[in-house]
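User: Hi! Could you take a close look at one part of this model and tell me how it fits into the whole?

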Amino acid sequence: MQETCKTLKAADLEKLEEICARRGADQGAVIPILQDIQEVFGYLSEDAVNFAADRLEMPRSHFYGVATFYAQFHLRPRGRNVVTACTGTTCHVKGSENLISILGRELGIPEGQDTSPDMNYTLEKINCVGACSIAPVIIINNGVHSKMNADKITKEVIKLKGADDGKQRGKD
Amino acid sequence: MENNGEKIEIKVCMGTGGIAAGGQEVLDAFKGLLGQAGIAARLDKNCASHKVGCRGFCSRDVLVDVIIDERRTTYQYIKPDMVARIVEEHIIGGSPVSEWEVQEDYHTFHDRQVKVVLSDCGEIDPEDIDAYIDGGGYGSARKALTTMTPEEIIEIVKKSGIRGRGGAGFPTGVKWEVARKQPPKTSQDKNLKYIICNADEGDPGAFMDRAVIEGNPHAVLEGMLVAAYAVGAEEGYIYIRAEYGLAIERLKIAIRQARERNLLGKNVLGTGLDFDVKVKAGAGAFVCGEETALIASIEGQRGMPRAKPPFPVVSGLWGRPTVINNVETLANIPYIIRRGADWFASLGTERSKGTKVFALTGKVRNTGLIEVPMGISMRDIIFSIGGGIEGGKKFKAVQTGGPSGGCIPEHLIDAKVCYENLVRLGAIVGSGSMIVLDEDDCMVHVAKYFLNFTQTESCGKCVPCRVGTKRLYEILDRITRGEGRESDLALLEKLSKDVKSASLCGLGQTAPNPVLSTLQYFRHEYEAHIFEKKCPAKACKALITYRIREEFCKGCGACMRVCPAGAISGRKKTPHTLNTAICIKCGSCFDICRFKAVTKE
């Protein structure tokens with residue numbers, strides 16, 4: 001407990017305490033706690049997971065085992081913009097593979113990774129969003145884009161990059 | 001609600017499909033304009049699945065129903081800027097905007113369907129419990145809890161012949177009966193039992209469960225309530241994919257409303273029954289659709305299945321008797337109680353009763369969510385309801401049951417759709433995905449797609465599945481790359497049989513089905529890849545070459561602009577050339593060329 005507390009900021013500790021208190025301490029709370037941590041922090045940091053495990057007096061390895069089993073959990077920080085490509089069967093037969101390679105290229109995601117080095121974009125694949133009748137589907141920061149093709153996706157990326165640049169400038 | 005004595009109702013599609021197409025903006029436009037026009041129309045956020053209001057025809061979203069004095073006009077492809085004209089000409093002026101109305105095919109899409117589970121989807125507001133109650137909702141639960149014994153309910157469910165809609169097709173009534181009969185473990189034991197609604201709809205290409213929950217969540221809750229009374233359970237869980245945000249939100253609203261009406265909670269309807277429901281969001285693991293893995297996941301473990309028996313009805317969640325039913329199964333229950341076992345059993349075939357909801361997608365003209373009686377032919381589904389193949393292409397096969405299923409080729413398209421028949425043909429009803437494939441789809445590639453899926457999703461607990469699916473995938477991968485070996489077909493068959501017979505759970509036991517099924521009906525495609533190094537459907541990238549035919553090329557430069565690899569060169573108005581050495585075979589030039597100058601060989 002001591003060592004994890006050192007590396008976590010006080011404000012973060014408070015949030016973690018709140019999550020653990022809300023979800024209770026039984027075995028069934030493990031996944032909801034991890035989901036909440038990810039919701040609040042964007043990903044599962046080692047310290048946050050260890051904190052929760054210690055708090056529930058369960059082996060850290062158990063939490064780690066659960067976190068690595070499920071596809072929903074991310075153990076590394078993600079980009080500020082998340083683009084999700086559906087790879088369900090219908091999207092697949094309607095050309096999602098090609099869309100994914102276009103997205104990877106346009107967003108500057110290195111081969112074999114999912115986030116651009118500048119942390120601006122994460123490209124992730126999802127098994128099926130269940131929107132098959134409007135396939136192929138690409139989700140850009142929670143907005144569902146239906147019946148995509150190479151042309152439409154390229155335009156959406158340009159739009160996304162423009163909006164993102166604007167946001168960045170606003171910060172400066 | 002009244003305007004010159006007229007009753008006006010507008011229903012806007014607000015499922016995931018409807019929202020993606022701009023349903024919220026359309027609804028807002030109606031609200032704004034009608035506020036200005038001073039017409040008190042009742043604006044229903046009338047949903048169901050993908051569709052909402054669209055009654056399954058999500059590819060036409062946003063669909064809008066305008067009902068004036070029970071005369072219904074349905075509009076398709078509505079955008080917010082079209083709303084003003086509908087309000088002015090139709091709602092105020094009284095004459096519908098005929099060119100925006102749905103066409104003949106909208107009606108053929110619906111005519112062959114029989115709606116039971118979907119009957120209220122797209123008609124009622126899923127976020128309003130009164131809309132459900134007004135249509136008779138919770139009447140079945142009231143009837144069951146106040147006038148029937150648990151045994152009588154189980155008898156009706158058994159007699160109706162309903163079988164599990166999640167894929168395996170186990171008789172629902174029998175499952176309930178076994179769970180009911182589980183005795184307390186000791187004399188002090190409170191004999192706790194659980195009802196779990198399996199909404200972990202993981203099959204890629206399936207969205208029936210989401211549609212039902214988004215469109216009519218109370219039917220699922222009512223089904224669970226009846227099941228709880230019949231089985232003797234006090235607690236229920238709905239295990240749902242985390243990806244289904246809208247469905248989760250609507251479920252939570254529905255549960256809250258049901259608690260307010262004492263339809264959930266302590267002493268339900270004054271009958272002394274305690275029953276409450278919790279929503280558990282999954283965390284992205286396909287294997288959790290398997291019931292023992294699902295239980296492990298609710299218990300906070302890695303979602304790994306265990307050997308059966310004991311079955312969950314004997315020892316399930318926290319070691320207690322647990323009934324796990326699929327969303328669609330539970331949503332059928334209120335209708336069975338309301339209309340009787342005989343009515344339900346009159347639908348369908350001798351051994352597959354009732355209707356089934358399918359997600360009809362792929363290369364078919366009318367994609368969407370359909371509900372048909374069991375026993376309907378595949379041809380009726382694809383060509384009558386689906387309107388045939390889009391773009392005038394040739395039908396090749398329909399894939400049913402997702403990664404656990406198989407495909408049905410053209411010569412078997414008159415096959416009747418029921419549990420036994422599809423298994424006999426090497427496919428399964430499964431959860432209900434139907435993906436139509438046309439001449440451009442390579443069957444080896446399709447098999448590879450599914451094996452890539454299962455090898456990724458295999459939980460890794462048992463070796464036959466963990467290693468077997470990976471090896472199957474690798475063999476398929478090399479075949480699609482033109483590196484297949486003569487012995488590969490025999491190897492695929494042998495390995496498939498081993499994986500099927502030796503795997504621990506349903507995932508591994510069915511994972512080779514897409515391979516066996518495509519080998520059975522499309523062996524020639526495998527052979528063409530292996531022996532001739534050709535992909536007959538021209539889908540496998542490694543085996544095709546793009547070229548520009550000089551005699552057709554106008555030199556417009558469209559392909560050059562779209563090529564991401566810079567592989568095309570040429571001056572304006574002179575034939576371009578494609579450098580095959582740096583071509584990445586993305587097909588962008590092929591898609592964009594208006595002169596058919598780019599060929600794929």
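Analyst:
**A close look at chain B**

Of the 601 residues in chain B, 60% count as buried, meaning under 20% relative accessible area, with exposed over 50% and partly exposed in between (1.4 Å probe, protein chains only). This is a predicted model, where local features need pLDDT of at least 70 and side-chain atom pairs count only at 80 or more, while totals for chains, interfaces and linings use all residues. Residues are numbered from 1 along each chain as written, chains are lettered from A and ligands numbered from 1 in written order, and side-chain values use heavy atoms, without hydrogens or water.

Let's start with the overall frame. The C-alpha trace of chain B spans about 85 × 70 × 40 Å along its principal axes. Chain B has 24 helices (H or I, at least four residues) and 19 strands (E, at least two), both taken as DSSP runs numbered from the N terminus. Contacts (heavy atoms within 4.5 Å) often reach far along the chain: among those between residues at least 6 apart in sequence, 69% join residues at least 24 apart. An automatic or database assignment splits chain B into domain 1 (2-103), domain 2 (136-345), domain 3 (355-438), domain 4 (443-531) and domain 5 (545-600). The C-alpha centres of domain 1 of chain B and domain 2 of chain B are 35 Å apart.

Now to the spot I'd zoom in on, B:T292. B:T292 sits in helix α12 of chain B, which covers residues 291-298. B:T292 counts as buried because its relative accessibility is 5%. Its side chain makes a polar contact of 2.5 Å with the side chain of B:E290; such a contact is a pair of N or O atoms within 3.5 Å, and within protein one must be able to donate a hydrogen and the other to accept it, with sequence-adjacent residues counting only if both atoms are side-chain atoms. Leaving aside residues up to four places away in sequence, B:T292 touches B:M304, B:P305, B:R306, B:K308 and B:P312.

The cysteines deserve a look too. Over all chains, the structure holds zero disulfides (cysteine sulfur pairs within 2.5 Å). For B:C442, the closest cysteine sulfur is that of B:C540, and the 3.7 Å between them is too far for a bond. B:C442 is also buried, at 2% relative accessibility. B:C586 is likewise in no disulfide, with the nearest cysteine sulfur, in B:C563, 6.1 Å away. At 15% relative accessibility, B:C586 counts as buried.
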